[in-house]
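Q: I should like to learn how the features of a structure are read. May we take them one at a time?

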Amino acid sequence: MTVAYGESPLFTFALIADSHMNPGDENSSPFETNAMANGRSRYAIAEINRLNPDFVVHMGDLVHPVPGHPTFGRVAEDFNRLYGGVEAPLRITPGNHDCGDKKISWMPAVQVNDAFLKTCEELFGPHYGSFDHKGIHFVLVNSPVLNSGLDLEAEQRSWLERDLAETARDRIFLFTHYPLYVADPDEETHYDNIDEPARSWLLDLIEEHRIEAVFAGHVHNFFYNRRGATEHYVLPSVSFVRQDYAEFARARPEPSAEGGRNDLPKLGYFAVEVYENGHIAHNVRTHGRVLAEGEKLPETRPALPAVHARDDAPASVGVQLRHPWSETTTIPHNYALDEFMRKRVRNDYPLLALWEMGVRKVRTPVGDLTDAASLRRMRDLKAVGHEFTVFAYGAPGPKTIDALARCRDAYDALEFIVPEDEAEQAVAAIREIRTRTDAPVYLSALHSLARSAHEGGTFKHMISSGFPIEEREHVARFVDSVGAAGLIDGVVFRVDRGVSAWSGIGEARAFAAAHGNRAIVNVRFAADDMRGDRMDDLATACRAAEATAAALAADRLTVFLDTFVDQDRGYFMRNGLIDRLFNPRLAARAVRHVHGVLKVVGGEMTALDVADVAGGRMAMLRGAEERLGLFLLLPEGEGGMDVGAAIGRRVCHADTGAGNWVDLDTGEIVSCRWRKEGDRAAMEPAVTCAVPSMLIAHR
C-alpha cells in the first residue's frame, strides 16, 4: 500500500509506549537512565501537544514500580498528573508494570491477580474498551490478563468477540501492551509475547475481522510484521531501550548508553496518519530529550513534513543492501528476562531507517529468493510498497530461472552481471527468462583486475560490477554486438567515488534517453582504492544528498546509494547512511529531507547545472513551476560554504529575492530574503552552511 502523492490524511493519532515513570526523589531501577523517564515523558507530551493529534493512546507500562511496590500509588498519581497535560483525548492500555506480569512461573516480577487488577482500574481506568472515530473502530485490550484464568480474562474475551462481531466499521485498529509475537507467529513463549492459547485465539479474531493494524509496546524496540491483511507494529519506548536487544549490533554501545539502555536515537513515539485507503505509522525520534517540571518546549523553526517509503513520490533513490537487511539474531539468556531459552528475533531497525528516509527501492542478491525467511520478508514489504531489484552473477542456471519464475511477486527488476567475454551465453539464458517472467531485465558487467593486465606489477584483489559511466559509448556497441539490444530493458552503470554523482547520473540519463531504454546507476560511497577509507560523515552526506537530488530530476533511471550500513572494517571502509548501531547518520537525514523538500514543492524536478563555489559545490534544479528554483549547497570541510558568494553568483537574477533556507540535517526551514551587493548576496537572516542545505528560491 502506498499513499497517493499529495494526499492529505483523514486524521492523525499518536502512540506512546513504556513511559516507566519513577518517583521524583527515588529511582526504583538500578539504571541511571530510568531517572530521566519523567522528563522524557514531559518532553514527548509537549511535542505531541504541538502535533495536535485527534487522540493519543498510551500502550502501557505507565509506571516503573510494579504493583505492590511501596511507591506504586504515589507514582501512579504522578503519572495521572503529568499525562493529564495531554491535550487530546487519552486512552490507556495497561501493561505488566501496571497490573502485574503475565502468568508464567518464571516471570521476573509479581504476576497479575485480582487485587492488582482492581488497583489498576481505580488508578488508570478501564482495562479494555473500544471507540469509533471518523468511521474507524479502535479496540484496546488488557494483554497481561490473557491466559491468567482470572474472571477478567473470560469477561474480556466475551466482550471482545461480541464487540468485533457487532461493529459496523470495515476498518479496525487494535492496541495491546504485549505483542502477539515479535518475529514469528509460531515462536515459543518468552518474556515479550502473548502466550498460547490466547495468541492463536486473538490471531484468529484478527484474521476473521481483517483488522488493519495491531500496535503493541513492552519490548522497547521497533519491530514490524505482516500477517495476512494485518500489519503488526511494536513501538519503541519513550524512556529507555531494552538493552538485551543491543545484540542486534556488531558495535559496542557507547559507555554512556548503559549497555544499550540509553541508545538515544532509538527513543520516541509514533504519529499515525490515517488515509482513505490505509495508514502510515511515522516513528518520531525524541533522542531522549527531557523537560524539567514547569519548563516549556523550546520554540522551533518550521520543519519539513515527515516522509515515508509509502509516500508515492514521483522519484526516489534506492539503497544497496550489502549487510543483512532482515537478520535474525539470537538473544543470549542472561539472568534477566529470558534465562531459560535462546530468543530468536529479527532486526527491523534497517527497515525503520528506510521508512524514515522515504526509500522504497532496494537492491539485493537473487539468493534471497531461495531463502524462505528472506522471501517471506520480501513479499511482506512489497505488499506495502517496497521495490526489489535482485541481481545474479553469470548466465543463470535452471535453479535460478525457476526461482525467478516462481517468485515473480517478490521482486520488481532483474540485474544480470556477466563478464563481457561470456555475455552471449548470458543473453541466451535471459531470452529463456523472458519467456517465464515479465520483469524488467538489466545487463551489468563484471570488472575484475584478475581478468585484466596488472597495473605496474601491483596485484589488486578487487571485483566490482556495473559499466563505468565513462565507458558509455563502448556499452552501446557491446550491447548491440551480443544481441541484447532488443532483449534487455537497460544497463547498469557504476559511478565511482572519484566521479561526481551529479554528472554521472546526468550522463546515464542522457545515455538512456538516446538509446530509448532505462538504466540503473550505482553511486559508490567507497574510495576507489581498497586501502582508503571514507569515514567522513560530511563528505558522505553531501554525496548522498547530491545523488538524491539528481535522481529526483532523472527519469528513465533507478539510482542506488552504495552503501546503506557503515563498512567500518575489512576492505573499502566507508560510512553508510546508518551506523553499526543502525541509527541514522547525517547522510540518512539529508536523504530524508531532500525527499521532504520534494513533498513541499511538489511535482517533478528538472536538473540544470552543478558548479564549484567557495567552500563547496552547488547543484541547481528547477521545480514544476518555472519560477521555482532549488539550489542544493554541499559544503566541503569544517569551514563551511561562503553562502553570500554562492547565492550572489548563482541565484541573484535581480537586486533582491526571497525564498526558504532548509537545513538538511534538521529539516528546519527559515524564510529568508537577500539583496545583491556586487558579486555577493547579503542574507536576512544570516545563514550558515556547515551541512548539506537547500535554498528554495522564488523568482
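**Reading the strands, pockets and salt bridges**

A: We may begin with pairing between strands. The model is predicted, and in it strand E22 (residues 518–524) runs parallel to strand E24, joined by six bridges.

Q: Which residue of E24 is the bridge partner of arginine 524?
A: The partner of arginine 524 is aspartate 562.

Q: How many bridges pair strand E12 with E24, and in which sense?
A: E12 (residues 318–320) pairs with E24 in the parallel sense over two bridges. In one of these contacts between strands, glycine 318 has phenylalanine 560 of E24 as its bridge partner.

Q: How does one judge whether a strand such as E24 is enclosed?
A: One considers the relative accessible area of each residue, and a value under 20% counts as buried. For E24 (residues 557–562), six of the six residues are buried, so the strand is largely enclosed by the rest of the structure. The two faces may then be taken in turn: Leu557, Val559 and Leu561 are buried on one side, and Thr558, Phe560 and Asp562 are buried on the other.

Q: Can a single residue be read in this way? Where does threonine 548 lie, and is it buried or exposed?
A: Threonine 548 belongs to helix H13 (residues 537–552). Its relative accessible area is 1%, so it counts as buried. The next step is to list its contacts beyond the neighbours within four places in sequence: these are Val317, Leu561, Val591, Val594 and His595. Leu561 is also one of the buried residues of E24.

Q: How many residues of helix H7 are buried?
A: In H7 (349–357), nine of the nine residues are buried, so this helix is largely enclosed by the rest of the structure. Among them are Tyr349, Trp355 and Glu356. After H7 comes glycine 358, which has a positive phi, near 75°.

Q: What is the volume of the largest pocket, and which residues lie nearest its centre?
A: A pocket is described by its volume and its lining. The largest pocket has a volume of about 1600 Å³. Its lining consists of 47 residues, and those nearest its centre are Val284, Ala303, Leu304, Arg592 and Thr666.

Q: Which helix gives the most to that lining?
A: Helix H14 gives the most, with five residues. At least two residues each come from H1 (37–51), E10 (268–275), E11 (278–285), H7 and H14 (586–601). By class, the lining has 20 nonpolar, twelve polar and 15 charged residues.

Q: How many cavities of 30 Å³ or more does a search of the whole structure find?
A: The search finds nine. The largest cavity holds about 110 Å³ of space. Of the 14 residues that line it, Tyr245, Ala246, Asp263, Lys266 and Leu581 are closest to its centre. The lining of this largest cavity has nine nonpolar, two polar and three charged residues.

Q: How should one read a salt bridge?
A: Side chains of opposite charge can pair when their charged atoms come close. The structure holds 45 salt bridges. One of them joins arginine 363 to glutamate 415, with the closest N and O atoms 2.9 Å apart. This pair links distant parts of the chain, 52 residues apart: arginine 363 is in strand E15 (residues 361–365) and glutamate 415 in strand E17 (residues 413–418).

Q: Are arginine 363 and glutamate 415 buried or exposed?
A: Arginine 363 is buried, with a relative accessible area of 5%. Glutamate 415 is buried as well, at 0%.

Q: Which side chains meet that of aspartate 402 in salt bridges?
A: Arginine 406 meets aspartate 402 at 2.7 Å, N to O, and arginine 436 meets aspartate 402 at 3.5 Å. The second pair ties together parts that are 34 residues apart in sequence, because aspartate 402 lies in helix H9 and arginine 436 in the loop between helix H10 (423–434) and strand E18 (441–448). Arginine 406 and aspartate 402, by contrast, are four residues apart in H9 (residues 398–406), so about one helical turn separates them.

Q: What is the relative accessibility of these three residues?
A: Arginine 406 is partly exposed at 48%, aspartate 402 is partly exposed at 33%, and arginine 436 is partly exposed at 40%.

Q: Which residues are linked in a network of salt bridges?
A: Such a network links Asp192, Arg242, Asp244, Asp338 and Lys343.

Terms used
Residues numbered from 1 in each chain as written. Predicted model: local features only at pLDDT ≥ 70, side-chain atom pairs only at ≥ 80, totals over all residues. Heavy atoms only, no water. Buried < 20%, exposed > 50% of the residue type's maximum accessible area, 1.4 Å probe, protein only. Pairing = 2+ DSSP bridges. 1 Å grid on protein atoms, 1.4 Å probe; cavity = no way out; pocket = protein on both sides within 12 Å on 5 of 7 lines; lining within 4 Å. Points joined across faces, edges and corners; volume = space filled by probe spheres on them. Nonpolar A, V, L, I, M, F, W, Y, C, P; charged D, E, K, R; others polar. Contact = heavy atoms within 4.5 Å. Salt bridge = Lys/Arg side-chain N within 4 Å of Asp/Glu carboxyl O.
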